[in-house]
Amino acid sequence: MQETDLHDLSDDADYAASQLQGLASMMGSDSRTQNSASEPDGAEIVYMKDNVTIHPTQFASERISGRLKLIKQGSTLFMTWIPYKGQSSNAKLSEKDWNLYTIRAVPFTEVRSIRRHTPALGWQYIIVVLSSGLAYPPLYFYNGGVKEFLGSIKQHVFIVRSAEDANVFIVNDFQNPLQKTLSSLELPRAVSVVSEPSMSVSVGESPLNDNQERTDAGVHSETSRVSQYNVKQRQKGHDPARDLSIQVLEKFSLVTKFARETTSQLFRESHGNGFVAIERRSHNHSPLDSAQKASNIAEKVPDTIPIASDPLEKISYMKHNLVEEAATNLGTFELINCKEVDKLTLVWGKPRQPPLGPEEWFTFLDSEGRVMDSKALRKRIFYGGLEHGLRKEAWAFVLGYHLYDSTYAERQYLRSIKKSEYETIKRQWQSISSEQANRFTKFRERKGLIEKDVVRTDRSLSFYDGEDNANVNLLRDILLTYSFYNFDLGYCQGMSDLLSPILFVMEDESESFWCFVALMERLGPNFNRDQNGMHSQLFALSKLVELLDSPLHNYFEQNDCLNYFFCFRWILIQLKREFEYEKTMRLWEVLWTHYLSEHLHLYVCVAILKRYRNRIMGEQMDFDTLLKFINELSGHIDLDSVLRDAEALCICAGENGAACIPPGTPPSLPVDDGLLYTQQDDVL
């Protein structure tokens, strides 16, 4: 690897330009706000830029403009971005969204890297990636200023250009050889060379319009909260070998090749180097025993470790001489924000119903095959799922391939048209000769990756079992065709897991392809190179846990688990590897109804975590122990109980839960603008 000083920003033309003119211009234009005499407690605004914008969706009308600042407090540099209030550009921004998107004082000790994008057409933007691996939404600089932004950071923070990508700037890389290696692997920072604060702070600011002056009181409010950071610092030390094992496992999760055997082997090696499991002393059964009996995993909690109670657990009470008790293992729940006291009741997930069968199915259709009440149908599927023989017809509806108001004749005509379209796309790659393939690197790479993956996908099922299995060949053909249908997204590991049940149900190549296309319209962002789709879901999951179980959230924070990477596989492929094949199909058809929420899968994740919270906290699991434990839950989770718990959590969270999930978070229904899978740039 080249020497670090070759990648220092001091030899960068952008940085040099910022030193000669950018910073001078910026400092001059904003001098009214950067007078250190007006900053209490030694805080100083070293950079400020207006009209820095985020794009929550592809619609220009929904863009959110704000003010970006770099604030120096003592020896620590903070970044904030506050959306404007009262401007026409943010007229549709609700108070909840304003709070959701606000970036409050983030110390650069918690920033891993900054990715700069300079497209030939359009605005420059940056992506700030935290040490946890999570990333903030891209910040677009409508009026320029990226050079000045980086230059200002350079004045106060050690920052170097990545040896792998000239547009990536690594923050606080102190020339540690192991740190350099991890950076080149594009892994989250694994070794802390110096002790770093682990707690972020909140900065309150009333955003101002361009023509408004900042008041001294407002400055004091913002900087006084920044000053709390130095008071609340908590020093931590990390063992390089332990942290490296964690990051290797995280990297496995990114490619979904997260086999339990590999994980166990890594942990055995780690334990052999002196990292032994927590010694278990005398145990008592936890309050979740009934759940563990169903899942064959007994949860035992040491007597000597106090566990914070679940804030959602309530004592059942007598009402009108009737005792109403929750039937789930999460406790009982009260309706949130009930307006009338006499309507206050305990709510929990409703009992699961038998699967919807053909006879009942026809009661939802009129004589021409139209679904008369799509909401009622989706509700019925939500609470009971489908009998397997009905899935071939019903999945096309819940996936959005067929419209609910389409007739039998219209659906038959669509199948004919779509089959012809599929064959046309398929011939594109079938017609590539071996000589052409030799000059078509991307095609060879994708084809090779697909061929390796399909022979390892669900081969334990008789449907895919055996040598030269025709259904395995169909998996390959459909995935190759999809890579030509969607050039930008192409193929990523994990897609074969999503396609496998669809082909198993549809038993038709063309129909399976178009149902897979419909599913990828929702889940495609999970596989974007910049991982924004995954980051947004992990971020939302962390907020939901904070809302629904703050003690568990605090435990994750104290044990460096707030990145929620241990849930990465759950979200990437919709918990497919956590349940038996039949139960996976039942779960998916429930999720696809979007009945209570299009993000019910996140509440399912919360429900599973809450189900095992006592064991996680009682045994004081750190990240690698938790990761191993989560993966060993595969095949031992009771689906019906988890679905009931997830329903209860979704109802209890209500609007507060919805506000935790950024707009556009997968699997939101797609926006038909052709810009879903922009893959031109490689992002950390």
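1. A good place to start is one pairing in the sheet: Val 111 has Leu 130, in strand 6, as its bridge partner. Please keep in mind while reading that this is a predicted model. The pair belongs to a wider match, since strand 5 (residues 111-117) and strand 6 run antiparallel and are joined by six bridges.

2. Strand 6 also has a neighbour in strand 7 (residues 139-141): three bridges link the two, again in an antiparallel arrangement. Here Ile 126 finds its bridge partner in Leu 139 of strand 7.

3. How many residues of strand 6 are buried? Six of the seven in this strand (residues 124-130) are, so the description "mostly covered" fits.

4. Helix 18 (residues 509-523) is worth a look for its geometry. Its 15 residues, at 1.5 Å each, should span 21 Å, because the expected span counts one residue less than the helix holds. The end C-alpha atoms lie 20 Å apart, which agrees.

5. Helix 18 is mostly covered too, with 14 of its 15 residues buried. At the start of this helix, Asp 508 places a side-chain oxygen within 3.2 Å of the backbone nitrogen of Ser 510.

6. Finally, some figures for the chain as a whole. There are 26 helices and 15 strands, and 53% of the 684 residues are buried. Of the contacts between residues at least 6 apart in sequence, 69% join residues at least 24 apart. The accessible surface is about 30000 Å², and carbon and sulfur atoms account for 50% of that area.

Technical notes: Residues are numbered from 1 along each chain as its sequence is written. This is a predicted model: local features need pLDDT of at least 70, side-chain atom pairs count only at pLDDT 80 or more; totals for chains, interfaces and linings use all residues. Side-chain values use heavy atoms; hydrogens and water are left out. Helices (H or I, at least four residues) and strands (E, at least two) are DSSP runs, numbered from the N terminus. Buried means under 20% relative accessible area, exposed over 50%, partly exposed in between (1.4 Å probe, protein chains only). Contact means heavy atoms within 4.5 Å. Accessible areas come from the Shrake-Rupley method with a 1.4 Å probe; for residues, only the protein chains shown count as cover. Two strands pair if DSSP finds at least two bridges between them. A polar contact is a pair of N or O atoms within 3.5 Å; within protein, one must be able to donate a hydrogen and the other to accept it, and residues adjacent in sequence count only if both atoms are side-chain atoms.
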